[in-house]
Amino acid sequence: MEETPLALYMSIGFDIITIFPGMVSAYIGESILKRAVQKGLLDVKVYNLRDHATDKHRTVDDYPYGGGSGMVMKIEPLYTAVQAIKADGLERLTVMLSPQGRRYDQAAAESLSQEKRRILFICGRYEGIDERVKESLVDDEVSIGDYVLTGGELGALVIIDSVARLIPGVLGDEESAKEESFTWGILDYPHYTRPPEFMGMRVPEVLLSGNHKDIADYRRKEALRRTLQKRPDLLGKAALSKRDYDILNELCSSKTGINDAEEEG
Ligand code: 9D3
């Protein structure tokens, strides 16, 4: 019997408005995302904001009302660019990258990977963007973390990268989705490859044993140990089983849990 293929293909489309289109295209074109674009799983269109400026110097910024240092991104070129992009009539979620945005995380990536609309990014530069852009054009304002960047382009790329790898077929690894839901919210276990010994440092014996149950147990315990040690804040959100809590309790009460982490035999 032939199996009926389920229509479960997902794909996702992004539009990016930026004054540095080459920066964005370069990353897409030099990464695994290029393959995803070729496979039709991912579509990325980059728009140069300056193409929507109307003066001969293609001005996109101006001095701030009220004074102060730095320049502010003007609304007119952004407004014209967004209208030009939306002229195709497709539905879009418009996201502005800014330090004032909601902090981006894996849950947000998963949510965006389910988005049916195209996602339109407005990347800021300079000290900021005219506040009326947010009022008139933006659905969502996103920051990628608590550090200061020079603009929104890296934010857009971070989001595209993290969302694209959740689209089935982008990584070309069927097992990875299952594994990822199992390990959601905790740190990785330690990885090893050949040789079995390098300058006296040996690969843990269990990994050479061929016993898949023991290997799975060892890896889960090491992943939990590292999370407890380095990122205990993650444990609140992580997808943990009853058995995981037993392991964590054991790690908490035994010295090997925290102090002798890397030394245990
Ligand atoms: C003195 C106030 N600064 C805010 C911390 C001004 C300012 C700095 C950097 C205004 C804009 C920027 C450019 N940053 C982004 O466009 C940006 C960003 C970031 O800086 N950190 C984390 N996520 C993002 S998303 C866009």
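Visitor: Is Asp140 buried, partly exposed or exposed, and why?
Guide: Asp140 counts as partly exposed because its relative accessibility is 21%. To be called buried, a residue has to be under 20%. Keep in mind that this is a predicted model.

Visitor: Okay, and which residue does Asp140 form a salt bridge with?
Guide: That would be Arg102, and the closest N and O atoms of the two are 2.8 Å apart. The pair ties together distant parts of the chain, since Arg102 is in strand 5 and Asp140 is in strand 8, with their positions 38 residues apart.

Visitor: Why would side chains like that pair up at all?
Guide: Side chains of opposite charge can pair when their charged atoms come close.

Visitor: How many salt bridges does the structure hold?
Guide: It holds 26 salt bridges. One of them is between the side chains of Arg202 and Glu197, at 3.3 Å from N to O. Arg202 is partly exposed because its relative accessibility is 44%, and Glu197 is partly exposed too, with a relative accessible area of 42%.

Visitor: Got another one? What about Asp233, which residue does that meet?
Guide: Asp233 meets Arg231 in a salt bridge, 2.8 Å from N to O. Arg231 has 36% relative accessibility, so it counts as partly exposed. There's also a network in which salt bridges share partners, and it joins Asp15, Asp43, Lys45, Asp88, Arg92 and Arg118.

Visitor: Let's switch to the ligand. Which residues come nearest to it?
Guide: There are 15 residues around the ligand, and Glu127, Ile144, Gly145, Tyr147 and Leu149 come nearest. By class, the shell has eight nonpolar, six polar and one charged residues.

Visitor: What does Tyr147 do there, in terms of atoms?
Guide: A backbone N or O atom of Tyr147 lies 2.8 Å from a nitrogen atom of the ligand. Leu149 has a polar backbone atom 2.8 Å from an oxygen atom of the ligand. With Ser143 the contact is through the side chain: an N or O atom there is 3.4 Å from a ligand nitrogen.

Visitor: And how much of the ligand does the protein bury?
Guide: Taken alone, the ligand exposes 580 Å², and the protein buries 75% of that.

Visitor: Which elements give two or more residues to the shell?
Guide: Those are strand 5 (92-103) and strand 8 (140-143). Strand 5 provides the largest share, three residues.

Visitor: Now the surface. Which residues make the nonpolar patch?
Guide: Phe20, Met23, Tyr147, Leu149 and Leu154 make a nonpolar surface patch of about 450 Å². You've met two of those names already, as Tyr147 and Leu149 are among the residues that come nearest to the ligand.

Visitor: Where is Phe20, then?
Guide: Look in the loop between strand 1 (12-18) and helix 1 (21-29). Phe20 is partly exposed because its relative accessibility is 36%.

Visitor: Last one: is Arg125 buried or exposed?
Guide: Arg125 is buried, since its relative accessible area is 12% and the cut-off for buried is under 20%. You'll find Arg125 in the loop between strand 6 (118-123) and strand 7 (128-129).

Visitor: Which side chains does Arg125 make polar contacts with?
Guide: One is the side chain of Thr150, at 3.2 Å. Another is the side chain of Glu153, where the polar contact is 2.9 Å.

Technical notes. Residues are numbered from 1 along each chain as its sequence is written. This is a predicted model: local features need pLDDT of at least 70, side-chain atom pairs count only at pLDDT 80 or more; totals for chains, interfaces and linings use all residues. Side-chain values use heavy atoms; hydrogens and water are left out. A residue is near a molecule or strand if one of its heavy atoms lies within 4 Å of it. A polar contact is a pair of N or O atoms within 3.5 Å; within protein, one must be able to donate a hydrogen and the other to accept it, and residues adjacent in sequence count only if both atoms are side-chain atoms. Accessible areas come from the Shrake-Rupley method with a 1.4 Å probe; for residues, only the protein chains shown count as cover. Helices (H or I, at least four residues) and strands (E, at least two) are DSSP runs, numbered from the N terminus. Ala, Val, Leu, Ile, Met, Phe, Trp, Tyr, Cys and Pro count as nonpolar, Asp, Glu, Lys and Arg as charged, and the others, Gly among them, as polar. Patches are made of residues with over 30% relative accessible area and no salt bridge: like charges are joined within 9 Å, nonpolar side chains (Val, Leu, Ile, Met, Phe, Trp, Tyr) within 5 Å. A salt bridge is a side-chain nitrogen of Lys or Arg within 4 Å of a carboxyl oxygen of Asp or Glu. Buried means under 20% relative accessible area, exposed over 50%, partly exposed in between (1.4 Å probe, protein chains only).
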